[in-house]
Amino acid sequence: MRHLVIAAAGLLAACGSSEKSTTIGGATFSTDGDKGSAKITTSEGTLKTSEGAAAASVTMPDFAPRYPGATISAVLESESGGKKTKMVTFATADPVEKVFAFYKTALTSKGWKLKQSLSGGEGGQSVAMGGAEKDGREVSFTIARSEEGKTEAVINVPGD
């Protein structure tokens, strides 16, 4: 079902021009092509995706700030049962190790406890993954060097 919901949001977003909305089986799918966003609302919660300028304007929490100079390409925000999460995808020219160190330092300096941490790779294909927790909330991140020579990362943070 979740795949169907994401696919429907993607199809609506691809339709272009301004706001559009439809309801299917109790789920409302809405898009704003001009803003680069799509949203799904059900009785159980919401799922919102943003790209382009809408994604670039995302506000990151102080414990996991925006990586300096990074280009944010997409944001996926969800809310269910009063619990909010945000998944942010970005790219930078900096090496994986530098981005990895930035987030480890940012999290631990705000009292987050690293619960897992892994980095490595060979042949220029570095990869790093990590996770941290604090007060029952969790953060996770995956950082990898692409074949195009960019470092791409996905960070999942709890919402406010």
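Lys-98 and Asp-94 bring their side chains together in a salt bridge, 3.9 Å from N to O. Asp-94 counts as partly exposed, since its relative accessibility is 21% and buried would mean under 20%. Keep in mind that this is a predicted model. A search of the whole structure turns up three salt bridges, so let's start with the other two, then step back to the overall fold, the core and a few residues worth a look.

**The other salt bridges**

- Lys-115 and Glu-138 meet through their side chains in a salt bridge of 3.2 Å, N to O.
- That pair ties together distant parts of the chain: Lys-115 sits in strand E7 and Glu-138 in strand E9, 23 residues apart.
- Both partners are partly exposed: Lys-115 has a relative accessible area of 40%, and Glu-138 has a relative accessibility of 49%.
- Lys-110 and Asp-62 form a salt bridge too, with 3.8 Å from N to O between their side chains.
- Here again distant parts of the chain are linked, this time loop to loop: Lys-110 is in the loop between H3 and strand E7 (113-122), while Asp-62 is in the loop between helix H2 (52-56) and E5, 48 residues apart.
- Asp-62 is exposed, because its relative accessible area is 55% and the cut-off for exposed is over 50%.
- Its partner Lys-110 counts as partly exposed, at 37% relative accessibility.

**The overall picture**

- The protein chain has three helices and ten strands.
- Follow the sequence and you'll meet them in the order α-β-β-β-β-α-β-β-α-β-β-β-β.
- The chain runs to 160 residues, and 31% of them are buried.
- Take the contacts between residues at least 6 apart in sequence: 39% of these join residues at least 24 apart.
- On the outside, the chain exposes about 9,300 Å², with carbon and sulfur atoms supplying 53% of that area.

**The nonpolar core**

- In soluble globular proteins, nonpolar side chains tend to be buried together.
- The largest nonpolar core in this model has 25 residues, and the ones touching the most other members are Phe-90, Tyr-103, Ile-143 and Ile-155.
- At least two core residues come from each of these elements: strand E5 (71-80), E6, helix H3 (96-109), strand E8 (125-134), strand E9 (137-145) and strand E10 (151-158).
- H3 is the top contributor to this core, giving five residues.
- Leaving out residues up to four places away in sequence, Ile-143 touches a list of residues that includes Val-96, Val-99, Phe-100, Val-127 and Ala-153.
- Ser-126 is also among the residues that Ile-143 touches.

**Two polar residues that are buried**

- Ser-126 belongs to strand E8 and counts as buried, as its relative accessibility is 17% and the limit is under 20%.
- The side chain of Ser-126 makes a polar contact of 3.1 Å with the side chain of Glu-97.
- Lys-86, in strand E6 (residues 83-92), is buried but has no salt bridge.
- Why does Lys-86 have no salt bridge? The nearest side chain of opposite charge, Glu-77, is 4.3 Å away, and a salt bridge has to be within 4 Å.
- A polar atom of the Lys-86 side chain does lie 2.6 Å from the backbone oxygen of Thr-59.
- Beyond residues up to four places away in sequence, Lys-86 touches Val-58, Thr-59, Val-75, Leu-76, Glu-77, Ile-155, Asn-156 and Val-157.

**Around the start of strand E9**

- Asp-135 sits in the loop between E8 and E9 and has a positive phi of about 50°, although it is not a glycine.
- Asp-135 counts as exposed, at 71% relative accessibility.
- Arg-137 has its place in strand E9 and is partly exposed, at 31% relative accessibility.
- Apart from neighbours within four places in sequence, Arg-137 is in contact with Phe-63, Trp-112, Ala-132, Pro-158 and Gly-159.
- The C-alpha atoms of Arg-137 and Val-157 are 8.5 Å apart, with their positions 20 residues apart along the chain.

Key. Residues numbered from 1 in each chain as written. Predicted model: local features only at pLDDT ≥ 70, side-chain atom pairs only at ≥ 80, totals over all residues. Heavy atoms only, no water. Helix = DSSP H or I, 4+ residues; strand = E, 2+ residues; numbered from the N terminus. Buried < 20%, exposed > 50% of the residue type's maximum accessible area, 1.4 Å probe, protein only. Contact = heavy atoms within 4.5 Å. Areas by Shrake-Rupley, 256 points an atom, 1.4 Å probe, with all protein chains shown as cover. Lys, Arg positive; Asp, Glu negative; His and termini not counted. Polar contact = N/O pair within 3.5 Å; in protein donor to acceptor, adjacent residues only side chain to side chain. Core = buried A, V, L, I, M, F, W, Y, C linked by side-chain atoms within 4.5 Å.
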